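Let's take a look at one helix and one chain-to-chain contact. Have the 3D view open while you read.

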Protein chains: 4
Amino acid sequence: MIVAGRKKEIRTDIGWSDASSITLFGKDFVNEILGHLNLGDMGFLELTGRFPTAAESRMFNAMVVTLVEHGITPSALVARMTYLGAPESLQGAVAAGLNGLGTVFVGSIEGAARLLRDAMPEPDANADFAGLAHAAVASFQEQKRIVPGIGHPFHKPIDPRTPRLMALARETGFDGPYLKLMTAVAAEAEKASGKVLPVNATGAIGALCCEMGFDWKICRGLGVMARAVGLIGHILEESRRPMSEEVWHSVEAQATAHMKR
Amino acid sequence: MIVAGRKKEIRTDIGWSDASSITLFGKDFVNEILGHLNLGDMGFLELTGRFPTAAESRMFNAMVVTLVEHGITPSALVARMTYLGAPESLQGAVAAGLNGLGTVFVGSIEGAARLLRDAMPEPDANADFAGLAHAAVASFQEQKRIVPGIGHPFHKPIDPRTPRLMALARETGFDGPYLKLMTAVAAEAEKASGKVLPVNATGAIGALCCEMGFDWKICRGLGVMARAVGLIGHILEESRRPMSEEVWHSVEAQATAHMKR
Amino acid sequence: MIVAGRKKEIRTDIGWSDASSITLFGKDFVNEILGHLNLGDMGFLELTGRFPTAAESRMFNAMVVTLVEHGITPSALVARMTYLGAPESLQGAVAAGLNGLGTVFVGSIEGAARLLRDAMPEPDANADFAGLAHAAVASFQEQKRIVPGIGHPFHKPIDPRTPRLMALARETGFDGPYLKLMTAVAAEAEKASGKVLPVNATGAIGALCCEMGFDWKICRGLGVMARAVGLIGHILEESRRPMSEEVWHSVEAQATAHMKR
Amino acid sequence: MIVAGRKKEIRTDIGWSDASSITLFGKDFVNEILGHLNLGDMGFLELTGRFPTAAESRMFNAMVVTLVEHGITPSALVARMTYLGAPESLQGAVAAGLNGLGTVFVGSIEGAARLLRDAMPEPDANADFAGLAHAAVASFQEQKRIVPGIGHPFHKPIDPRTPRLMALARETGFDGPYLKLMTAVAAEAEKASGKVLPVNATGAIGALCCEMGFDWKICRGLGVMARAVGLIGHILEESRRPMSEEVWHSVEAQATAHMKR
């Protein structure tokens with residue numbers, strides 16, 4: 001329950017507009033942003049309040065592009081099924097699909113970023129990565145929590161997106177201490193569990209979020225903005241070749257068969 | 001009510017994956033997409049199933065970037081107020097904010113695109129733009145409907161984003177018949193109403209959606225994907241300098257003052 | 001686009017509270033409402049600003065209870081699939097499920113109520129029901145719109161809920177002119193189409209909403225409040241005997257089979 | 001990340017229907033439920049799979065009625081602001097409003113229920129309530145977590161809903177060990193903090209959920225179903241006497257004043 005405190009200031013620094021101009025993050029939107037930034041750069045601007053460098057633009061766009069689309073996922077099915085009932089509210093179908101991006105799926109980006117930040121609050125190129133990783137994994141095991149950002153149910157033994165993200169990180173200069181720590185965490189978790197658990201895409205992205213200085217609390221936001229893009233594609237396909245009605249009837253029939261006997 | 005028909009195929013052409021690869025829209029995601037497309041390009045891919053040309057990339061990114069952020073809007077306030085109650089569910093705050101992107105705000109892109117498509121189903125460089133515009137505006141007036149995509153409550157006399165989008169359209173070769181028709185519609189509406197009603201940003205974007213061949217039913221999707229990016233920025237700011245609790249208490253006090261007397 | 005007008009009053013008449021009391025709709029919540037009204041009565045209070053009579057309580061509760069649950073529906077599947085990804089946000093799973101209650105499903109209550117109100121703006125026990133129904137059905141046919149509130153894809157020839165709702169309407173005195181008109185509309189639609197199209201549950205509820213004097217714009221709200229109750233049951237079952245992960249994998253396999261060949 | 005396991009059964013026990021009947025929770029919906037249960041009873045049926053007794057009906061309806069409405073709250077403002085942009089999607093406005101019912105507000109019901117269940121897994125009329133409360137409060141303090149279900153920012157010193165709920169609990173026989181333990185927790189927290197922290201409405205409801213045997217994971221659901229009812233009232237009022245546009249412009253002006261100077 002929130003305690004009503006003393007009157008606080010109502011203030012934004014994001015932007016304002018008047019009759020002839022729009023100012024966003026201190027920039028003239030029309031002349032300095034529009035036509036200069038791509039959609040991913042705009043996301044970077046929202047998260048940092050400044051324009052990305054060329055390297056940041058390349059890396060950040062790759063991070064969010066990774067999260068746009070993965071075919072038929074629960075969030076895609078949710079968007080399609082919602083569109084079935086409310087085709088006049090495309091925004092509602094996307095909203096419904098985003099609601100499932102919680103702790104189980106996209107939340108692992110956040111989990112990985114938090115683990116890394118807790119283990120190494122400030123980036124340190126000379127840190128004892130193996131030692132930090134050992135302590136982090138031990139702490140997760142003690143609390144019986146799953147180490148986030150490693151292993152993948154389908155992509156085995158290696159999530160194919162990870163080496164590509166790592167290569168892009170090297171190319172753009174973002175292969176820093178947090179990526180090293182994430183790799184050490186995966187190695188440590190493999191040792192502790194005896195399973196093959198390499199860094200997955202969300203682990204790599206969580207580490208890259210740390211490299212870019214993002215607060216772990218907002219890392220889930222990369223997945224949310226990305227998936228909003230992907231869900232539009234699913235709704236478009238659903239409008240042309242629908243599957244959700246058939247899915248509904250088929251699940252209903254299967255789920256109630258035992259009662260109809 | 002939906003009529004249960006015969007069994008239909010459950011099929012997607014968006015993508016699939018196996019242990020070592022992800023295929024999206026017929027492309028090898030890891031090697032052909034990741035690191036090659038920016039987030040806006042990825043949106044274009046979702047809408048068309050193919051990669052954008054350089055000109056398409058530039059124009060499409062500008063269209064969506066236009067819709068990312070406009071400071072304190074109802075959707076931004078909704079996301080912030082939702083985050084106040086459920087800070088653990090960033091995705092829920094974005095979902096809530098997107099729910100308001102209906103007919104009143106972002107829907108005008110869809111409205112403009114639909115008006116243009118209805119007036120000129122196929123692009124025709126030699127069309128009688130003034131004549132088509134006259135008929136379209138007359139039809140809207142007859143039905144007492146507001147012509148979408150023209151005029152703006154704040155940005156007067158001209159929405160500053162429009163000339164910039166028009167310039168980018170000329171630069172990229174998208175200044176085709178639908179933009180001409182949109183301009184003619186605005187001129188016709190000004191004549192019919194006696195008011196200053198130039199093409200606004202949503203009108204320009206609606207026309208550009210037609211130039212790109214998008215179905216009007218999906219045009220609202222550009223606003224939805226864009227605003228998802230912008231809402232992350234508002235949630236981040238709310239987490240650092242909150243305003244929603246103060247807004248709540250202030251509105252509550254004002255709205256109930258007459259009962260407390 | 002909304003035109004920013006002159007400053008308007010910010011005011012609610014729903015309720016307010018102070019340190020020791022809560023006043024809702026002019027009543028002392030603790031002493032006059034709590035323990036006296038059931039949840040359906042509370043819905044009636046929200047819609048009318050007054051307590052229901054015994055007959056109104058009985059009829060209104062039956063109307064909303066009708067809409068709570070219908071087994072595996074798209075909204076139930078959406079809530080379950082959302083819960084799979086975000087089990088920590090039960091509210092997000094319900095929100096996602098509600099998003100699909102648009103024009104296709106629950107919207108037919110609204111459609112029926114609107115048709116009836118348009119045909120007979122004020123209740124008139126001596127109206128020419130057959131004549132009004134004939135005109136209404138003809139108008140829908142002319143516009144190639146489906147007449148709402150009649151026929152049902154599963155429940156054939158008769159939606160079993162309708163006779164029960166009709167009996168309750170007689171019992172409570174709500175079998176007035178709007179129910180008569182709805183019945184006449186169904187008869188007229190059957191005549192015009194040659195199909196068996198009796199009043200379905202949403203048609204009966206739409207008519208009862210008119211009998212109770214509700215604005216057609218809010219009628220969808222009965223379905224929304226009711227389904228929120230039902231979705232909790234589905235989320236509870238999903239938490240105990242999950243189906244959504246299996247549905248996901250099964251749909252994914254089926255939908256991508258043609259690409260994997 | 002979810003591990004794809006072996007094929008699981010897709011099954012529901014909630015209900016099914018055929019052409020002439022609807023079966024819910026093993027009951028004939030039309031003849032045994034419709035006209036017999038009120039909306040709150042229907043919620044009880046969803047949570048327990050059985051009909052409530054008269055005492056359960058009275059107590060459960062009071063619990064949910066408590067949570068329907070509290071005037072201008074963040075969720076009410078969110079629903080109103082969403083309706084401003086998408087008046088055609090009433091369901092989207094409710095969905096948006098529900099998204100904020102997270103850990104901060106309605107989550108305290110869940111928090112209280114969980115605390116009580118953790119402290120006393122099975123109801124025990126002869127438990128050492130003071131001792132259990134002491135241990136529970138000490139554990140929360142150690143983890144620097146706020147004890148849920150006690151104190152209130154506005155309703156001081158006593159949440160007026162609590163004594164009424166307690167009286168109803170005595171009347172219906174639900175004043176059992178969990179309510180005793182909740183009272184002991186409040187007393188213990190008061191002792192430990194030196195503040196006045198009596199059981200609030202969410203604490204009482206959380207305890208009553210335990211008395212009724214509900215899993216703590218579903219307790220938030222009572223708030224969600226209840227608030228869906230209340231939000232309909234706010235949307236109806238917003239449609240008649242809107243405040244959200246004025247709130248938007250007023251907040252925007254205030255929040256950007258420092259940039260416009």
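What follows is a short tour of a predicted model, starting with a helix and ending with an interface.

Find helix 7 of chain D, which runs over residues 129-142. With its 14 residues, this helix spans 20 Å from its first C-alpha to its last, close to the 20 Å expected at 1.5 Å a residue. Which of its residues are buried? They are Phe129(D), Ala133(D), Ala136(D), Val137(D) and Phe140(D). These five cover an arc of only 95° around the axis, so they sit on the same side of helix 7 of chain D. That fits a general rule: an α-helix has 3.6 residues a turn, so residues three or four places apart point the same way. The buried residues of helix 7 pack against helix 6 (107-119) and helix 9 (177-193) of chain D. Just after helix 7, Lys144(D) has a positive phi of about 55°.

Now bring in chain C. Turn chain D by 180°, with 0.0 Å of shift along the axis, and it superposes on chain C with an RMSD of 0.0 Å. The two copies are therefore related as by a two-fold rotation axis. In chain D, the C-alpha nearest that axis belongs to Ala95(D), 2.1 Å away from it. Both copies use the same surface: 100% of the contact residues of chain D recur in chain C.

Here is the contact in numbers.

| Feature of the chain D and chain C contact | Value |
|---|---|
| Residues from chain D | 93 residues |
| Residues from chain C | 93 residues |
| Buried area | about 7,600 Å² |
| Share on carbon and sulfur atoms | 67% |
| Salt bridges | four salt bridges |

One of the salt bridges joins Glu245(D) to Lys8(C), with the closest N and O atoms 3.4 Å apart.

Conventions
Residues numbered from 1 in each chain as written. Chains lettered and ligands numbered in written order. Predicted model: local features only at pLDDT ≥ 70, side-chain atom pairs only at ≥ 80, totals over all residues. Heavy atoms only, no water. Helix = DSSP H or I, 4+ residues; strand = E, 2+ residues; numbered from the N terminus. Expected span 1.5 Å × (residues − 1). Buried < 20%, exposed > 50% of the residue type's maximum accessible area, 1.4 Å probe, protein only. Arc of directions from axis to C-beta. Contact = heavy atoms within 4.5 Å. Least-squares fit on C-alpha atoms with pLDDT ≥ 70 in both. Buried area = accessible area lost by both parts, 1.4 Å probe. Salt bridge = Lys/Arg side-chain N within 4 Å of Asp/Glu carboxyl O.
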